[in-house]
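Dear colleague,

Please find the structure below for your review. My notes on its internal space and on one helix pair follow.

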Amino acid sequence: GVTGVQTCALPILAANHCSLIDTPIVYLAIPRRLRRRTATVGGLDYFQASPEHPWPERFFRNAVIWFIRSSMSVLLIDRVQGEYDRIDRLGQVLAQGWSLMIFPEATRSRTGRMGRFRHGASELAGRHDVPVVPIRIDGTDRVLPPGAAWPRPGRIVVSVGDPIHRRPEEGASAFTARIRSEIESLGDAVETDVVAPMESTA
């Protein structure tokens, strides 16, 4: 769990994805040493302005993109244009000594259940010989679900698994399935609790 993360080389953090607050919640759960050298992969298309947006919203969206790229450790990639299949950019980040936080589903779950996993984390782990740390997030789908404008009180639990390595004979698809299985199994063994400021009374 967290002890394994503290002692391993800079890893890829692979987590399920239900909410916009998943990234800061994971940052709170990992050791400070790792937090300082972890970049997050985010969807550029979520923030990108389109011609049908009124000009104030276009201005605001462009300003948000500029702020994220200049002030935060977030790598924005265009999911619509298929940049998840071009992982060289992400590989360069690993080569520079950074860890990566990746949500293999590439989008937030609308049901609370994990969707299809893409192979980006698996491919990067194999190419750069870095471990993958499986992370399961529970509760953010109730605190700030997709479409909600403001977070609700509730309990959030982050479960951090032990680092796993892609075996020499293991293909990307098989390792992706193993990452997913590890994340699913963490629901039965909570190792790190991150609780929202207010407990739900509902």
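On a 1 Å grid over the protein atoms alone, a cavity is a set of points where a 1.4 Å probe fits but cannot get out, and lining residues have an atom within 4 Å of a point. Points are joined across faces, edges and corners, and a volume is the space filled by probe spheres set on them.

This is a predicted model, in which local features need pLDDT of at least 70 and side-chain atom pairs pLDDT 80 or more, while totals for chains, interfaces and linings use all residues. Residues are numbered from 1 along each chain as its sequence is written, and side-chain values use heavy atoms, without hydrogens and water.

The structure holds 2 cavities of 30 Å³ or more; the second largest has a volume of about 30 Å³. Its lining includes Ala14, Pro104, Phe117 and Arg118. Helices H7 (120-128) and H9 (172-185) each supply at least two lining residues (helices are DSSP runs of H or I, at least four residues, numbered from the N terminus).

The axes of H7 and H9 (lines fitted to C-alpha atoms over the stretch in contact, with angles from 0 to 180 degrees between N-to-C directions) come within 8 Å and cross at roughly 115 degrees. H7 is therefore roughly perpendicular to H9 (65 to 115 degrees). Ser122, Glu123 and Ala125 of H7 meet Ala172, Phe175, Thr176 and Ile179 of H9 (heavy atoms within 4.5 Å).

With kind regards

Methods
On a 1 Å grid over the protein atoms alone, a cavity is a set of points where a 1.4 Å probe fits but cannot get out, and a pocket is an open set with protein on both sides within 12 Å along at least five of seven lines; lining residues have an atom within 4 Å of a point. Angles under 35 degrees count as roughly parallel, over 145 as roughly antiparallel, 65 to 115 as roughly perpendicular and the rest as oblique.
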